[in-house]
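Me: I'd like to know the reasons behind the labels people attach to a model like this one. Could you take me through them?

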Amino acid sequence: MLNFETVAFETSFGFSQQLFASDKPEIVFTGRSNVGKSSLINKLCNKKSMAKVGQTPGKTQTINFYNHPQFRLVDLPGYGYAKRAKSRKDDWGNLMEDYFQSGRDIRLAVALTDIRHEPTADDRMMIDFFVKADIPFVIAATKADKLNKTELASFHKNFPNMNSSRLIAVSALSGLGIDDLKRAIEDACGN
Ligand code: GDP
C-alpha cells in the first residue's frame with residue numbers, strides 16, 4: 001500500500017494567483033464546510049494538524065495541496081455555509097472553475113457528506129458535476145462514529161441510486177473506512 005505518511009503540505013492557492021500545472025495524479029476532496037474534510041485528510045496521512053481543523057466557515061477560501069511523491073491530495077474549499085456573503089460565494093465558484101478547467105490529471109474525487117443526514121442539495125450538485133464531467137468518484141460519509149451499528153448498516157439508503165462500491169463510511173475519530181479509502185485512492189493512482 002502507498003505510504004500516506006509521507007504526504008506533506010505543499011501550497012495554498014487563492015483565486016488571485018496562477019494555478020500551477022498538474023504534473024501528477026490528483027485526488028480531490030469536496031464537501032460542505034464542517035463536514036470533516038480537514039480531519040479526514042489528517043487521519044489518512046496520520047498527521048495531527050497538517051490540514052487545519054475547525055476553521056471558521058466563510059473565512060478566506062483557498063485550495064490546499066498536499067504532496068506525495070506519486071500523487072497530490074487536493075482540498076477544495078468547503079461549500080454551503082449559509083451566512084457567507086454573496087462575494088464569498090462568487091470566490092468559491094471562481095476557485096472551483098479555475099481548478100476544474102486547468103487541464104488536470106484528476107484521478108478520483110472524494111465527495112464528503114455527513115453520514116447522519118441525507119445529502120444536501122449542494123452535495124447532490126457536486127456529485128452530479130462529477131458524473132457529468134466523467135470524474136471517477138467515491139462518497140465518503142463522514143463522522144460514522146456518531147451512528148450505532150444498526151444505523152450504520154443502513155446509511156446507504158440515503159443514496160438509493162448509488163452503486164454501494166462507491167460508498168464508504170468513514171470516521172476520523174475511530175479510523176473506520178480509512179483503509180478502504182486509501183485503497184480507492186491507490187487504485188485510482190494505478191498502483
Ligand atoms: P472541515 O470544515 O470539513 O474541514 O471539517 P473539520 O475537519 O474542521 O471538522 C469539523 C468538526 O467536525 C470539528 O469539530 C471536528 O472535530 C469534527 N469531526 C471531524 N471529523 C469527525 C469524525 O470523524 N467524528 C466526529 N465525531 N467528529 C468529527
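Me: What makes the space taken by the ligand a place with a name of its own?
Reply: In this predicted model, that space is the largest pocket. A molecule counts as sitting in a pocket if more than half of its atoms lie within 2 Å of its grid points.

Me: Which residues come nearest to the ligand?
Reply: Ser38, Ser39, Gly54, Asp145 and Ala172 do, out of 16 residues around the ligand. That shell divides into 4 nonpolar, 7 polar and 5 charged residues.

Me: Why is the pairing of Asp145 with a nitrogen atom of the ligand called a polar contact?
Reply: The cut-off for N or O atoms is 3.5 Å, and a polar side-chain atom of Asp145 lies 2.7 Å from that nitrogen, so the pair qualifies. Ser39 passes too, with a side-chain N or O atom 2.6 Å from a ligand oxygen. At Val35 a polar backbone atom is 3.2 Å from an oxygen of the ligand. As for cover, the protein buries 77% of the 580 Å² that the ligand exposes when taken alone.

Me: Why is the pair Phe9 and Tyr66 called edge-to-face?
Reply: The search of the whole structure finds 9 aromatic pairs. For Phe9 and Tyr66, the ring centres are 5.8 Å apart, within the 6.5 Å limit; the planes stand at 65°, over 60, so the pair is edge-to-face.

Me: What does this pair tie together?
Reply: Phe9 is in strand β1 and Tyr66 in strand β3, so parts 57 residues apart in sequence are tied together.

Key: Residues numbered from 1 in each chain as written. Predicted model: local features only at pLDDT ≥ 70, side-chain atom pairs only at ≥ 80, totals over all residues. Heavy atoms only, no water. Near = heavy atom within 4 Å. Polar contact = N/O pair within 3.5 Å; in protein donor to acceptor, adjacent residues only side chain to side chain. Areas by Shrake-Rupley, 256 points an atom, 1.4 Å probe, with all protein chains shown as cover. 1 Å grid on protein atoms, 1.4 Å probe; cavity = no way out; pocket = protein on both sides within 12 Å on 5 of 7 lines; lining within 4 Å. Nonpolar A, V, L, I, M, F, W, Y, C, P; charged D, E, K, R; others polar. Phe/Tyr/Trp six-rings, centres within 6.5 Å; stacked < 30°, edge-to-face > 60°. Helix = DSSP H or I, 4+ residues; strand = E, 2+ residues; numbered from the N terminus.
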